[in-house]
Every structure is written in structure tokens, then in C-alpha cells.
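Me: Please take me through the aromatic rings of this structure slowly and with care, as I am still learning how to read one. I would like to see what surrounds them, step by step.

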Amino acid sequence: MATTLSFTAPTAHGPQDVTLAYARVGSGEPLLLLHGIGHHRQAWDPVVDILATEREVIAVDLPGFGQSSALPHGVPHDLPTTTAVLSAFCAALGVDRPHVAGNSLGGLLALDMGRENLVRSVTALSPAGFWTQAERRYAFGVLKGMHRAARGLPLPLVERLSRSAAGRAVLTSTIYARPGRRSPEAVVAETLALAHAEGFSETLRAGRSVLFTDDVPGIPVTVAWGDRDRLLLPRQGIRAKHSIPRARLVRLPGCGHVPMNDDPALVARVLLDGSRPQEASAPGTPFSAVGS
């Protein structure tokens with residue numbers, strides 16, 4: 001069940017009043033989960049119960065997505081601002097330097113929180129920011145098309161499509177390698193979340209200039225990529241490894257851009273191992289070009 005938290009975030013644009021929705025379950029060291037653009041915290045539902053056996057799991061709707069309000073007018077949904085908001089959110093919850101895992105946009109935010117030494121460890125699943133300009137334009141074009149389609153589809157049609165595996169593939173095959181595994185209810189909910197995402201355009205606009213080239217020193221970092229990712233191509237993982245040499249780079253066989261649904265057990269294991277000392281054995285198949 002979702003809870004909302006209102007707090008003040010000290011950003012470069014001055015103090016900002018923000019309200020975020022989140023769910024908190026489990027016990028153990030805290031693990032913050034960050035979803036991708038146009039999605040919502042429920043993207044993590046397939047793995048939350050597994051993670052909650054060892055971690056206190058906090059899944060949050062990013063500003064302007066899911067049930068979270070957009071940032072105040074005139075405040076950009078850019079990387080520094082959103083990172084500052086997430087840091088203030090953790091402080092308001094009384095959580096000191098959680099582990100963090102993110103997917104896509106959430107993976108980029110997780111890495112930025114790691115770069116700012118705000119977290120204990122980072123696990124980034126197909127993180128944004130390791131693209132060429134051509135790859136970025138392609139990804140943004142696909143995302144804009146998905147957003148337009150979600151906004152244009154009548155709810156009865158979305159509900160009808162969601163009832164069959166073929167229909168769920170029509171709606172979600174861009175992000176899932178195995179869309180038939182997603183429940184009809186989840187597909188309807190995430191289509192509506194994309195259609196109504198207040199922060200979509202501002203976040204996408206801010207991402208035009210993003211290129212992550214920095215190291216993330218001092219903490220364990222895992223970068224994992226689905227080998228069937230059709231949105232951010234797997235070769236971008238090799239660039240991530242070059243930028244973050246000590247990172248563990250893991251291939252997720254049979255997984256798409258949002259791998260939590262495609263192979264929950266594997267993804268949960270990657271996240272749990274990513275928040276342990278780096279000597280822990282790495283699940284999945286390492287990218288042969290760079291090793292594990």
C-alpha cells in the first residue's frame with residue numbers, strides 16, 4: 001500500500017516542497033528502488049517480495065510519475081535536482097545512505113547518488129546515459145512514441161488488449177522480452193501511468209544533455225543489462241564498464257529493458273549480491289568483452 005511523504009528538498013533552485021509516493025516493506029539494510037521514465041514504482045513488484053526477505057525495501061514514485069506530484073513549476077526534472085530530492089526523501093524517512101537500485105532513468109539516478117556518496121552500493125539495470133547521440137535520439141523517439149500511444153488509446157481498448165498475451169505484447173514488448181508474463185492488471189496500470197506521467201516531457205527534455213562518463217569510486221557498483229534490451233542496446237553496458245572500471249558488469253539472459261518482470265529470481269539475486277561485499281559471487285553471465 002502506498003504512503004505519501006511531504007518534505008522540503010534543498011536544491012540548486014532553492015528549497016522545494018515535494019510530495020512523493022512510496023511503499024516500504026521488509027527488514028534489514030535499506031534498499032531504495034528507482035523506476036524508469038514513464039513507469040511507476042510497481043515496476044519492481046515482481047522482485048519486491050524476494051528482496052524483502054533480506055532488505056527493507058523502499059520503492060518510490062519519482063517526481064512527476066506514478067502517484068508522486070511533479071516538481072514545482074519552473075524547477076527542472078534534471079539529474080542534479082532529482083538526486084537532491086531523493087537525498088532529502090531518504091533523510092525525511094530517517095534512512096542513512098541506503099543501498100540503491102535503479103532501472104533505466106532510475107539506474108542513472110542511482111549512479112549519480114553513488115557518485116555523490118549518498119548511498120552504500122549501486123545496482124543499475126540498463127541505466128540511461130551511456131549512449132551515443134544517435135542511440136539517445138533513437139531511444140527518445142521510441143519513448144515519445146510510446147507516450148503518444150498510451151495517451152491516445154481508449155481505456156476499454158487497453159483493457160481488452162491486456163487480456164491476451166498477444167495484446168500485452170502490443171502494449172509492452174518494447175520494454176519486456178516476455179510481455180506475456182505481465183499480468184493484465186499490471187499492463188493496464190502501467191499504460192495509464194505512462195499516459196498520465198506529468199513529469200515525462202520535462203524529464204525527457206532534461207535528458208538531452210546527459211552523458212555519464214564519471215567513475216563511482218568507493219562503493220560497490222553493479223551494472224546489469226538484458227541481452228534482449230531493445231531500447232538501450234546492451235553494448236552501452238561496455239561503455240558503462242569503461243567509465244566505472246571497478247563495476248561488476250552482468251548480462252541478464254533473456255531479459256529486456258525492464259528485466260524485473262522477465263526474470264524476477266535472477267534480477268533479485270543480482271540486486272541482493274550487488275548490495276553485498278564485492279567478493280560475493282556474481283549471478284548471471286558476465287559480458288565476455290570485459291569480464292565480471
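Reply: Let us begin with one residue, Trp131, which is buried because its relative accessible area is 7%, and the word buried is kept for values under 20%. Please keep in mind throughout that the model is predicted.

One residue that touches this tryptophan is Gln236, which lies in helix 9, the run of residues 235–243. If we set aside the neighbours of Gln236 within four places in sequence, its contacts are Phe130, Trp131, Glu135 and Trp225. Gln236 is itself buried, with a relative accessible area of 1%.

We can now turn to the rings as pairs. A pair of aromatic rings is described by two things, the distance of the centres and the angle of the planes. When the whole structure is searched, four aromatic pairs are found. In one of them, the centres of the rings of Tyr22 and Phe89 are 5.5 Å apart and the planes stand at 75 degrees, so this pair is edge-to-face. The pair joins distant parts of the chain, since Tyr22 belongs to strand 2 (residues 14–26) and Phe89 to helix 2 (residues 79–93), with their positions 67 residues apart in sequence. Tyr22 is buried, with a relative accessible area of 9%, and Phe89 is buried as well, with a value of 0%.

Our starting residue has a ring partner too: Trp131 pairs with Phe140 in an edge-to-face arrangement, with 5.5 Å from centre to centre and 90 degrees between the planes. Phe140 is buried, its relative accessible area being 7%, and its ring has a further companion, for the charged end of Arg136 sits over that ring at 5.0 Å from the centre.

Going back to Phe89, we find that ring pairs join Phe7, Tyr22 and Phe89 into a cluster. The surroundings of Phe89 also extend beyond these rings: apart from its neighbours within four places in sequence, Phe89 is in contact with Leu5, Phe7, Leu20, Tyr22, Leu32, Ile58 and Val60. As background, nonpolar side chains tend to be buried together in soluble globular proteins. Here the largest nonpolar core has 85 residues, and within it Leu33 and Phe89 touch the most other members. Helix 2 gives the most to this core, contributing seven residues.

Helix 2 leads us to one more element, as it is among the parts that cover the buried residues of helix 3. The others named in that cover include strand 3 (29–34), strand 5 (99–103), strand 6 (121–125), helix 8 (200–206) and strand 7 (221–226). Helix 3 spans residues 105–115, and ten of its eleven residues are buried, so the helix is largely enclosed by the rest of the structure. Among those buried residues are Leu105, Leu108, Leu109 and Met113, but also Gly106, Gly107 and Asp112. After helix 3 comes Asn117, whose phi angle is positive, near 60 degrees.

For a contrast with these enclosed positions, you might look at Ala149 in helix 4, which covers residues 133–152. This alanine is partly exposed, with a relative accessible area of 40%.

Note on methods: Residues numbered from 1 in each chain as written. Predicted model: local features only at pLDDT ≥ 70, side-chain atom pairs only at ≥ 80, totals over all residues. Heavy atoms only, no water. Phe/Tyr/Trp six-rings, centres within 6.5 Å; stacked < 30°, edge-to-face > 60°. Helix = DSSP H or I, 4+ residues; strand = E, 2+ residues; numbered from the N terminus. Buried < 20%, exposed > 50% of the residue type's maximum accessible area, 1.4 Å probe, protein only. Lys NZ or Arg CZ within 6 Å of the ring centre and 35° of its normal. Contact = heavy atoms within 4.5 Å. Core = buried A, V, L, I, M, F, W, Y, C linked by side-chain atoms within 4.5 Å.
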